[in-house]
Amino acid sequence: MRISILGLGLMGQALARTLVGAGHSVTVWNRTEGKADGLGATAVATAAEAVAASPLVIVCVLDYAAVRELLGLVQLDDRVLLNLTNGRPAEARDMADWVAARGGDYLDGGIMAVPQMIGTPGALILYSGSPAAFERYEEALSALAGSRYLGTDAGLAPLYDLAMLTGMYGQFAGFLEAAALIASEKRPVAEFTTELLLPWMNAMAGRTPELAAAIEAGEYATDVSNLEVNRVGMVNLVRAFEEQGVKPDLLLPMGDVLDRRVAAGHGAEGLASLIEELR
Ligand SMILES: NC(=O)c1ccc[n+]([C@@H]2O[C@H](COP(=O)([O-])OP(=O)(O)OC[C@H]3O[C@@H](n4cnc5c(N)ncnc54)[C@H](OP(=O)(O)O)[C@@H]3O)[C@@H](O)[C@H]2O)c1
């Protein structure tokens, strides 16, 4: 299959290398020359030439503004534009209209992988937008990663992508605070992490489907620790941080939300009920 790739940063190069390896005929363009060396793809001098070369055009650059800038006035008739650039739902919806106005079909994608994972079983790409385009290219794209098509609304892939990143940042925030507390006593952080924290975090992550079910049902009764117990626990945690001389900055926002929910009379409910303060 003929596939063009616009943008040869770390991710674009991984995409190109993997599609070449899967036997596709890959044409590439990058703003700065020299990034196509050793990829086994055909490098062209302009974005317009890359668009002309293939019915599937993948773009993976810094942001959506760069996508518009590099495409400029290029027409996209009979082209599928797959945008794997990281963005927001509103930007993806605007981009779908922008591409349609140039005669193209639009797919948005969110890459849940680092470049080294592309083409390996752990990688996942979320897709949304044109169902016909996804069906046509699903098999070719399976060389890059597992696929999950979320629906015709182009904004869904970035929405889910950002939600998954949100979960990730929450995990890293908890890890960093825990590590700061352990390090405050000069205890070995690596040993603590692998032997104790990781199994604990995995066990707690295993409880999230239960919380998700409670959120969907809007029923927040709990038979584990309620919000008042957690609020007192958080006050204790923050004091411990202060006594240890480390900053609980990444924990404090959660403490604020707990305080508000308990003050509103929901102290007997479970943790899932905090979502009502976020809506
Ligand atoms: N790396 C990851 O782990 C990862 C994971 C998931 C998603 N992503 C997403 O993938 C996208 C690319 O990431 P990356 O890691 O490949 O970044 P990168 O290595 O920094 O590469 C950025 C690319 O964007 C191009 N670019 C920037 N501004 C441009 C403009 N105005 N016009 C044309 N091209 C422009 C750069 O071209 P030049 O070479 O000319 O500077 C380069 O090809 C981002 O949206 C990122 O969020 C990355």
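How many bridges join S1 to S2, and in which sense do the two strands run? In this predicted model, five bridges join S1 to S2, and the two strands run parallel. Within this pairing, Leu6 has Trp29 of S2 as its bridge partner. Between the two strands the chain passes through H1, and the resulting β-α-β crossover is right-handed.

**Strand pairing**

The pairings of the strands are collected below.

| Strands | Sense | Bridges | A bridged pair |
|---|---|---|---|
| S1 and S2 | parallel | five | Leu6 and Trp29 |
| S2 and S3 | parallel | two | Val28 and Ala43 |
| S5 and S6 | parallel | four | Leu81 and Tyr106 |
| S6 and S7 | antiparallel | six | Met112 and Leu124 |

S2 thus pairs with S1 through five bridges and with S3, residues 42-43, through two. S6 likewise takes part in two pairings: a parallel one with S5 and an antiparallel one with S7. A second right-handed β-α-β unit is formed by S5, helix H4 (residues 89-101) and S6. Because seven of its eight residues are buried, S6 is largely enclosed by the rest of the structure.

**Strand S2 and Thr27**

S2 is mostly covered, with four of its five residues buried. Thr27 is found in this strand. Its relative accessible area is 9%, and Thr27 therefore counts as buried, the cut-off being under 20%. Beyond its neighbours within four places in sequence, Thr27 is in contact with Ile3, Ser4 and Ile5, with Thr42 and Val44, and with Ala50, Ala53 and Ser54.

**Helix H1**

H1 comprises the 12 residues 10-21 and spans 17 Å from its first C-alpha to its last, close to the expected 16 Å. Its buried residues are Met11, Gly12, Gln13, Ala14, Leu15, Ala16, Thr18 and Leu19. In general, residues three or four places apart in an α-helix point the same way, because there are 3.6 residues a turn. The buried residues of H1 pack against four strands and one helix: S1 (2-6), S2 (25-29), S4 (56-59), S6 (105-112) and H5 (131-141). Just after the helix, Gly23 adopts a positive phi of about 95 degrees.

**Nonpolar cores**

The largest nonpolar core holds 33 residues, of which Ile5, Leu15 and Ile58 touch the most other members. Two or more residues of this core come from each of S1, H1, S2, S4, S5 (80-83), S6, S7 (124-129) and H5. For Ile58, leaving out residues up to four places away in sequence, the contacts are Ile3, Ser4, Ile5, Leu6, Leu15, Leu19, Leu82, Leu84 and Leu141. Apart from this core lies another, of 20 residues, including Ala50, Leu71, Met95 and Ala154. Ala50 is also one of the contacts of Thr27.

**Domains**

The domain assignment divides the chain into domain 1 (2-151) and domain 2 (160-278). Their C-alpha centres lie 37 Å apart. To the contact between them, domain 1 gives 10 residues and domain 2 gives five.

Methods:
Residues numbered from 1 in each chain as written. Predicted model: local features only at pLDDT ≥ 70, side-chain atom pairs only at ≥ 80, totals over all residues. Heavy atoms only, no water. Expected span 1.5 Å × (residues − 1). Buried < 20%, exposed > 50% of the residue type's maximum accessible area, 1.4 Å probe, protein only. Contact = heavy atoms within 4.5 Å. Core = buried A, V, L, I, M, F, W, Y, C linked by side-chain atoms within 4.5 Å. Pairing = 2+ DSSP bridges. Right-handed = clockwise from strand over helix to strand, strands pointing away. Domains from an automatic or database assignment.
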